[in-house]
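Please open the structure in the viewer and keep a selection tool at hand. The tour below proceeds from one selection to the next.

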Amino acid sequence: MSKKDLGLLVLILVVGAVVAIINPRFLLPINLANTSNLIGLFGILSIGQAFVIITGGIELSVGSLVALLGTLFIDFIAVREMDWPLAFVLIIALGAVIGFVHGWLITRLKMQPFVVTLCGLLIYRGVARFYTADGTAGFAFGQNFPDLEFLTAGRSGGVPNSFIALIAIAIVMWVVLHRSVFGRYLYAIGKNEEAAKYSGIRTGRVVIAAYVICGVLTALSAIYFAMYTRSISPASHGQFYELYAIAAAVLGGFSLRGGEGSLIGVILGTVLLQELQNLVNLLGIPSSLNFAVMGGVILIGVLVDQQWGVFRARRRMLEATRRNVAGAPAE
């Protein structure tokens, strides 16, 4: 765990302690379980976003994708009566295809990630609204899918299964990012894509793979969100979820310039965001200020990241100067 991660963990504990002192309901098992569930839902989304950000890219369409893919999943199993494992696979595959298309447009046609994913944000939500005729997708009265509901919205030993899924995914993605050649390639591309290309890395394929991973994890989170809410209004479902994911990654130490960050930091960033949301609710702060809190968190996170980078650069320069002075021959 890096110093950034330790600092974030201390901040989480301090904020939690302050909230618990002000409002003891924060430590109630039901509140902790609900918060853990939301951490699981948004954490899966944030990990996918982090894989894109580390390459120096951005994925702005994840909120709209959650709405579209969640709508399709509910329609498949509730209306078209498709077996849920098949619907599950189809949604995951669709998420992978969309991620591939985004990566292909960015690497092969040299389009800006911001433009590609911003267009996706508009297109996917528009398609979702058209698909439901601007209505709501949901389950009919009495429709139950016990196995699916247990895996997505159930609990094991009092712990939400969504949180357990997040931990399992985080472990796998930690190995991919920090203990594999592919992970080193991601960092190299984020630091300097041209240098990575000249060193023999097939940067296009690696970037496409990052967007595919993001698409798959977004599709998975869309299923979890669909089963959590049990009804989806495409006009509003998933709005600003991309901000939650970006904020969690930035708070976790992922630089928007690319090439920096740790997976543990993403999880801690997600925990801090949901803790802040819980604080807003428990302290009676108007819900209209939620996005103001989110914007402030993102601003502070980026500011801290920039200042930390400046501080490290100055420290390295001073250390290099001291070594040169110490190694210089005496006159």
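The first stop is Asp-75, which is buried, with a relative accessible area of 11%. Please note before continuing that the model is a predicted one.

**Salt bridges**

Which residue does the side chain of Asp-75 meet in a salt bridge? Adding Arg-80 to the selection shows the partner, with an N to O distance of 2.7 Å. Arg-80 is exposed, its relative accessible area being 53%. The pair therefore joins a residue under the 20% limit for burial to one over the 50% limit for exposure.

How many salt bridges does the structure hold? The total is four, and two others are visited next.

Select Arg-129 and Asp-134. These two residues form a salt bridge in which the closest N and O atoms are 2.8 Å apart. Arg-129 is partly exposed at a relative accessible area of 34%, and Asp-134 is likewise partly exposed, at 47%.

Then select Glu-260 and Lys-191, whose salt bridge has its closest N and O atoms 3.7 Å apart. This pair links distant parts of the chain: Glu-260 lies in the loop between α11 and α12, Lys-191 lies in helix α8 (residues 181–191), and 69 residues separate them. Is each partner buried or exposed? Glu-260 is buried, with a relative accessible area of 17%, whereas Lys-191 counts as exposed at 56%.

**Helix α1**

Select residues 3–22, which make up helix α1. The 20 residues of this helix should span 28 Å at 1.5 Å a residue, and the end C-alpha atoms are 29 Å apart, which agrees.

Within this selection, highlight Asp-5, Leu-8, Ile-12, Val-15, Gly-16, Val-19 and Ala-20, the buried residues of α1. They cover an arc of only 130° around the axis, so they lie on the same side of α1. To view what this side packs against, display α11 (241–251) and α12 (263–282), which the buried residues of α1 contact.

Now turn to the face of α1 that points away from the buried side. The exposed residues carried there are Lys-3, Leu-13, Ile-21 and Ile-22.

**The nonpolar surface patch**

Select Leu-94, Val-97, Phe-100, Val-101, Trp-104, Leu-109, Met-111, Phe-114, Val-115 and Leu-118 and switch to a surface representation. Together they form a nonpolar patch on the surface, with about 830 Å² of accessible area. The elements that contribute two or more residues to the patch are α4 (84–107) and α5 (113–131). Which element gives the largest share? Helix α4 does, with five residues.

Phe-100 may be picked out for inspection. This residue is found in helix α4 and counts as partly exposed, at 43% relative accessibility.

**Arg-155 in strand β2**

The last stop is Arg-155, in strand β2 (residues 155–156). With a relative accessibility of 42%, Arg-155 counts as partly exposed.

Which residues does Arg-155 touch, leaving aside those up to four places away in sequence? Its contacts are Ala-33, Asn-34, Phe-150, Pro-160 and Asn-161. Finally, select the C-alpha atoms of Arg-155 and Leu-41: the two residues are 114 residues apart along the chain, and these atoms are separated by 14 Å.

Methods. Residues numbered from 1 in each chain as written. Predicted model: local features only at pLDDT ≥ 70, side-chain atom pairs only at ≥ 80, totals over all residues. Heavy atoms only, no water. Patch = residues over 30% accessible without salt bridge, like charges linked within 9 Å, V, L, I, M, F, W, Y side chains within 5 Å. Areas by Shrake-Rupley, 256 points an atom, 1.4 Å probe, with all protein chains shown as cover. Helix = DSSP H or I, 4+ residues; strand = E, 2+ residues; numbered from the N terminus. Buried < 20%, exposed > 50% of the residue type's maximum accessible area, 1.4 Å probe, protein only. Expected span 1.5 Å × (residues − 1). Arc of directions from axis to C-beta. Contact = heavy atoms within 4.5 Å.
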